[in-house]
Amino acid sequence: MTDGPRVLIVGAGIGGLTLAAGLQTFGIVPTVVEIDGSSLGRGLALMLTGNVCLALRRIGLDRAIAHEGTVLTEIVQTDASGASIDYHDFRPANGRYAPTFGITRDGLISALSAEPPCPVTYGTTVSSVDWSTTSPRVEFSDGSRAQFDVVVGADGIHSAIRREIFPGVQPIYRSFGAWRTVMQSRRNDPVFTINSMPGTLLGSFPVGPELVYAFLLVHAAEVKSLTRAEHLARFQELASAFHGPIPALIQEQHDPTRVVFVPVYEVETPSYHRGRVILIGDAAHAFPPILAQGAAMAIEDAVTLAELIGANSDLDQVVRRFDAARRPRVNMMRAAVRHRTVARGFEGPVTPELLERHPLVFSNSLKAYDDLIEDPFALARPNEA
């Protein structure tokens with residue numbers, strides 16, 4: 001190992017573990033802390049679009065993802081009755097750029113943790129951080145203290161690190177929620193299906209042998225407090241408005257613990273750093289789960305930051321370059337997602353004024369999944385940033 005900066009990563013989720021793996025390719029072993037007792041078992045599944053695997057290829061983790069995930073070949077959109085609305089073939093972009101995968105969250109975490117393994121201190125987080133010095137001073141939840149050259153908040157939408165450096169920034173509810181579940185099914189066609197009606201979208205795709213991930217997004221002006229059993233019943237009620245095998249499969253879900261409801265929030269920070277304290281992923285820029293870009297942006301953030309730290313000893317320059325490299329890409333993705341949430345009625349009644357304020361960014365068709373891979377902002381190398 002080579003000498004390198006002292007890097008603290010707060011959060012051992014998708015962004016934090018990607019950053020840890022990326023830094024280790026440069027001989028830098030970071031300190032990683034995670035408030036939970038494990039990185040596994042905290043989520044269900046997700047889709048990784050081709051830009052994710054392009055990013056992970058740069059740090060040698062694309063093969064680990066391929067081992068854990070299921071390559072998706074097509075995406076099909078229908079209305080509630082099952083009549084076709086749109087279709088897109090993933091296979092040309094899968095071959096030209098990198099595959100699109102369906103994967104369980106635990107499968108993704110296992111792939112990111114595979115090699116080289118990075119030690120994580122679980123059950124620990126940061127109580128306070130002094131960002132005003134070139135070596136941020138940190139106090140941990142166990143009472144210990146330390147100094148680092150860089151502190152990275154990869155601790156999600158309710159980030160403790162963000163509260164320390166931007167105390168006025170709070171998550172904003174976007175007026176819709178998401179139900180999610182993973183179910184056993186022998187139907188394992190490598191196809192992402194979307195069933196849609198105004199204000200509601202039901203989607204599904206395979207995430208492993210005989211495993212299917214299903215999710216439902218629906219407009220809701222307020223978040224109701226429901227038990228797990230009530231959330232399952234509501235999920236099934238909303239899914240019953242659609243026709244097809246996935247709505248029928250959801251009716252067979254009898255385990256409330258396998259259904260997760262998440263109100264959709266958004267976070268936008270004035271900067272991705274303050275001093276040498278940096279935010280990545282949802283801690284910096286959470287936005288709705290449309291176009292499958294939440295985890296994607298966290299992974300792109302992490303790979304970009306790892307490359308910048310690994311190639312440049314001037315850490316003050318690194319944090320500035322990171323913000324400059326990532327903000328245009330993230331802002332464009334946020335705008336693309338916002339257009340879709342507005343146009344589909346997830347945030348309330350669709351009006352010409354709303355659509356004018358949130359114009360189309362990528363293709364209005366399912367080809368948008370290719371457009372975001374070809375985006376010119378994607379992961380410029382450090383000397384190009």
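Student: In the hairpin of β5 and β6, which residue takes a positive phi?

Tutor: This is a predicted model, in which local features need pLDDT of at least 70, side-chain atom pairs count only at pLDDT 80 or more, and totals for chains, interfaces and linings use all residues. Residues are numbered from 1 along each chain as its sequence is written, and side-chain values use heavy atoms, with hydrogens and water left out. The hairpin has four residues between its strands. A positive phi near 100 degrees is taken there by Gly82.

Student: Over how many bridges do strand β5 and strand β6 pair?

Tutor: Strands are DSSP runs of E with at least two residues, helices are runs of H or I with at least four, and both are numbered from the N terminus. Two strands pair if DSSP finds at least two bridges between them. Strand β5 covers residues 74–79 and strand β6 residues 84–89, and Gln77 stands opposite Asp86 in β6. The two strands run in the antiparallel sense, and their bridges number five.

Student: Which strand do six bridges join to β5?

Tutor: Here the strands run parallel. Glu74 stands opposite Val191. The strand joined to β5 by the six bridges covers residues 191–197 and is β14.

Student: In the open sheet of three strands, what is the order?

Tutor: The pairing in this sheet is antiparallel. Its edge strands are β3 (45–48) and β4 (70–71), each of which pairs on one side only. Four bridges join β3 to β7 (residues 101–104), and Ala45 has Thr104 as its bridge partner in β7. The order is β3-β7-β4.

Student: At about what angle does helix α5 run to β7?

Tutor: Axes are lines fitted to C-alpha atoms, for helices over the stretch in contact (heavy atoms within 4.5 Å). Angles run from 0 to 180 degrees between N-to-C directions. Helix α5, residues 105–113, lies across β3 and β7. Its angle to β7 is about 90 degrees.

Student: How many of the residues of helix α1 are buried?

Tutor: Buried means under 20% relative accessible area, exposed means over 50%, and partly exposed lies in between, with a 1.4 Å probe and protein chains only. Helix α1 spans residues 14–24 and is mostly covered. Its buried residues include Ile14, Leu17, Leu19 and Leu23. Of its eleven residues, the number buried is eleven.

Student: Is Asp301 buried or exposed?

Tutor: Asp301 has its place in helix α10. Leaving aside neighbours within four places in sequence, Asp301 is in contact with residues including Ile280, Phe322 and Arg326. Because its relative accessibility is 0%, Asp301 counts as buried.

Student: Which side chain does a polar contact of 2.6 Å join to that of Asp301?

Tutor: A polar contact is a pair of N or O atoms within 3.5 Å; within protein, one must be able to donate a hydrogen and the other to accept it, and residues adjacent in sequence count only if both atoms are side-chain atoms. The residue concerned also appears in the list of contacts of Asp301. The partner side chain at 2.6 Å is that of His285.

Student: With which side chain does the side chain of Glu266 make a polar contact?

Tutor: Glu266 is found in strand β17, residues 259–266, and it counts as buried because its relative accessibility is 8%. Not counting residues up to four places away in sequence, Glu266 touches Gln170, Phe287 and Arg334, among others. The polar contact spans 2.8 Å, and the partner is Arg338.

Student: Where is the place of Ala292?

Tutor: Ala292 has a positive phi of about 55 degrees although it is not a glycine. Ser175, in strand β13, has a positive phi of about 70 degrees and is not a glycine either. The place of Ala292 is the loop between α9 (282–285) and α10 (294–311).

Student: What radius of gyration does the protein chain have?

Tutor: The radius of gyration is taken over C-alpha atoms, and the globule rule is 2.2 Å times the number of residues to the power 0.38. The chain has 13 helices and 19 strands, and buried residues make up 56% of its 385 residues. A compact globule with 385 residues would have a radius near 21 Å, so the chain agrees with this rule at 20 Å.
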